[in-house]
Amino acid sequence: MSFTIELNPPGPEARALAEKELRETDENVKKGIETLRKLLEEDKTIFYSTDDDFLMIFLRPCKFYPESALQLMKRVAEFKDKNAALLNNLMPNDEKEGFMEHNIINVMKGKDHKHRRILMMNVGKPWDPSKITCDQMFRMLYLIHELAMQEPESQIYGSVVIMDFDGLSMKQVMGLTPTFSMRLLTFIQDAMPLRLKEVHIVKQPFLFNMVWQMFKPFVREKLKKRMFFHGTKMSSLHSHIPATHLPKNYGGELPEIDYTGADWYPEMIKHEQKIREWNTYGSRKD
């Protein structure tokens with residue numbers, strides 16, 4: 001199975017879940033789009049596309065409350081302003097080396113049992129902070145989220161992150177700066193128009209406690225409830241994602257991962273026009 005961005009409309013199962021969890025009825029969709037479009041046209045501080053499909057990116061995580069969606073758009077714009085040095089006009093080619101040559105961030109080809117995308121981060125031994133800084137790692141994550149949020153079914157089902165700390169040493173701990181911690185958590189908790197359903201920390205050694213102490217004060221209750229710490233106990237991970245949907249790397253029944261960002265980077269390039277458009281949105285500059 002190759003990695004492809006799926007832009008098809010949601011199937012019957014996804015639509016049923018969207019109605020149950022996101023209040024996604026024909027009436028709420030119509031009213032949500034019309035109201036959000038009107039709010040955007042009246043707001044002189046931010047600029048975004050008002051196409052139906054684009055507005056759905058913000059309406060779905062906000063359960064079709066248009067005022068909440070507008071606030072999310074404002075927080076996204078504010079985040080882009082505060083991190084302009086990293087995100088301004090960011091394109092996949094800017095982090096090509098990170099995707100192609102360093103196996104730090106990967107996306108599973110298949111989805112889990114709940115149809116969710118799985119993002120994997122190798123932040124232990126494979127990560128050399130002298131080659132890829134935490135700022136570059138954040139830029140890579142940001143680019144991936146720009147594509148994930150284009151998928152209608154990912155907007156509904158949400159996504160899962162597996163953070164693999166196998167082989168973590170002081171080299172990586174020193175590479176994870178407090179600024180990175182704050183930026184990443186602000187992004188996840190305030191400025192990411194995606195449903196992050198679970199974060200699984202695996203193979204973390206005792207040294208991981210130093211990393212966790214840096215993040216912990218800024219993790220709000222909602223995210224805390226979605227974080228799970230498994231160590232080397234893969235059976236613990238399997239209670240959330242069955243072995244049938246995981247590779248051998250995590251005690252699963254699927255083949256060991258034999259692909260990296262180099263394999264799916266071309267798909268990112270194929271859709272880079274979406275990223276180029278995203279770069280034009282945010283706070284009005286005039």
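User: Before we look at strand β3, what does buried mean here?

Analyst: Happy to start there: buried means under 20% relative accessible area. Keep in mind that this is a predicted model.

User: Which residues of β3 point one way, which the other, and are they buried or exposed?

Analyst: Arg117, Leu119 and Met121 point one way from β3, while Ile118, Met120 and Asn122 point the other way, and all are buried. In a regular strand the side chains alternate between the two faces of the sheet.

User: What makes β3 a mostly covered strand?

Analyst: The strand spans residues 117–122, and six of its six residues are buried.

User: How do you know that β2 and β3 pair?

Analyst: Pairing takes at least two bridges. Strand β2 (residues 105–107) and β3 have three bridges, in the antiparallel sense, so they count as paired. One of the partners to look for is Met121 in β3, which bridges with Ile105.

User: And what makes β3 and β4 a pair?

Analyst: Here β3 and strand β4 (residues 159–164) share six bridges, in the parallel sense. Against a requirement of at least two, they therefore pair. As for Met120, its bridge partner in β4 is Ile162.

User: Moving to helix α11, why is Val211 called buried?

Analyst: Val211 has 2% relative accessibility, and the cut-off is under 20%, so Val211 counts as buried. Val211 lies in α11, which covers residues 208–215.

User: Which residues does Val211 touch beyond four places away in sequence?

Analyst: Those are Leu168, Val173 and Leu176. Leu176 is 35 residues from Val211 in sequence, and their C-alpha atoms are 7.7 Å apart.

Key:
Residues are numbered from 1 along each chain as its sequence is written. This is a predicted model: local features need pLDDT of at least 70, side-chain atom pairs count only at pLDDT 80 or more; totals for chains, interfaces and linings use all residues. Side-chain values use heavy atoms; hydrogens and water are left out. Buried means under 20% relative accessible area, exposed over 50%, partly exposed in between (1.4 Å probe, protein chains only). Helices (H or I, at least four residues) and strands (E, at least two) are DSSP runs, numbered from the N terminus. Contact means heavy atoms within 4.5 Å.
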